[in-house]
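Visitor: I should like a close look at a single residue, set against the architecture of the whole chain. Please take one position and describe its surroundings in full.

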Amino acid sequence: MKIQVNGSKAGDKENGCALCGATWGDYYEEIDGEKLFFCCDVCATEFKNMIEEIKRRTGWKKIDELSIEGNYYKGRNCVAKTEGREYKFYVKFGDDAEIETFKEIE
C-alpha cells in the first residue's frame, strides 16, 4: 500500500508512521500483508480501524493507495484508491483509538 501523510511518503521507519508521519517509536503491524511502521500501538489501532471502515463501506478487498492530510486534533481528510476507484472521507479518532467521526466527502 502506498501511503502519504501530509504530503510525504509514510509507512516505514525511514519516512514515518503510516498514520501520523512521526519517526519516533518502533512499532510494526502487518496490514493487508504488508509490515507497516507506526510510532505507537495507538496509531496502529487507529489505522487498522480506518482501513476496516473503508473496506466495510466500499466493499473493497484491498487498498492500493492512501493519502492522509491532517492530525489527531483536527481530524484527517483522506483519499483511498484501488483499481482506478477513489474514496474520499474525513476521519477523527477518540481517546481509545476508536473512530469518533467518519464522513464520506464528495
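Guide: Helices and strands are here DSSP runs, at least four residues long for a helix and at least two for a strand, numbered from the N terminus. Read in that way, the elements of the protein follow the order β-β-β-β-α-β-β-β-β from the N terminus on. The radius of gyration is 12 Å, close to the 13 Å that the globule rule gives for 106 residues, so the protein is as compact as a globular protein of that length. The model is a predicted one, and its C-alpha atoms fill a box of roughly 35 × 30 × 20 Å along the principal axes.

The residue chosen for the close look is Val5, which lies in strand E1, residues 2-5. Val5 counts as buried because its relative accessibility is 6%, and the cut-off for that class is under 20%. Across the protein, buried residues make up 41% of the 106 residues.

The surroundings of Val5 come next. Beyond its neighbours within four places in sequence, Val5 is in contact with Ala10, with Cys17, Ala18, Leu19, Cys20 and Gly21, and with Ile68. Asp26 stands 21 residues from Val5 in sequence, and the two C-alpha atoms are 18 Å apart in space. For the protein as a whole, 31% of the contacts with a separation of 6 or more join residues 24 or more positions apart.

As to the surface, the accessible area of the protein comes to about 6,000 Å², and carbon and sulfur atoms account for 43% of that area. The protein has 17 positive and 22 negative charges, whose mean positions are 4 Å apart.

Definitions and conventions
Residues are numbered from 1 along each chain as its sequence is written. This is a predicted model: local features need pLDDT of at least 70, side-chain atom pairs count only at pLDDT 80 or more; totals for chains, interfaces and linings use all residues. Side-chain values use heavy atoms; hydrogens and water are left out. Buried means under 20% relative accessible area, exposed over 50%, partly exposed in between (1.4 Å probe, protein chains only). Contact means heavy atoms within 4.5 Å. The radius of gyration is taken over C-alpha atoms; the globule rule is 2.2 Å times the number of residues to the power 0.38. Accessible areas come from the Shrake-Rupley method with a 1.4 Å probe; for residues, only the protein chains shown count as cover. Lys and Arg count as positive and Asp and Glu as negative; His and the chain ends are not counted. The place of a charge is taken as NZ of Lys, CZ of Arg, CG of Asp or CD of Glu.
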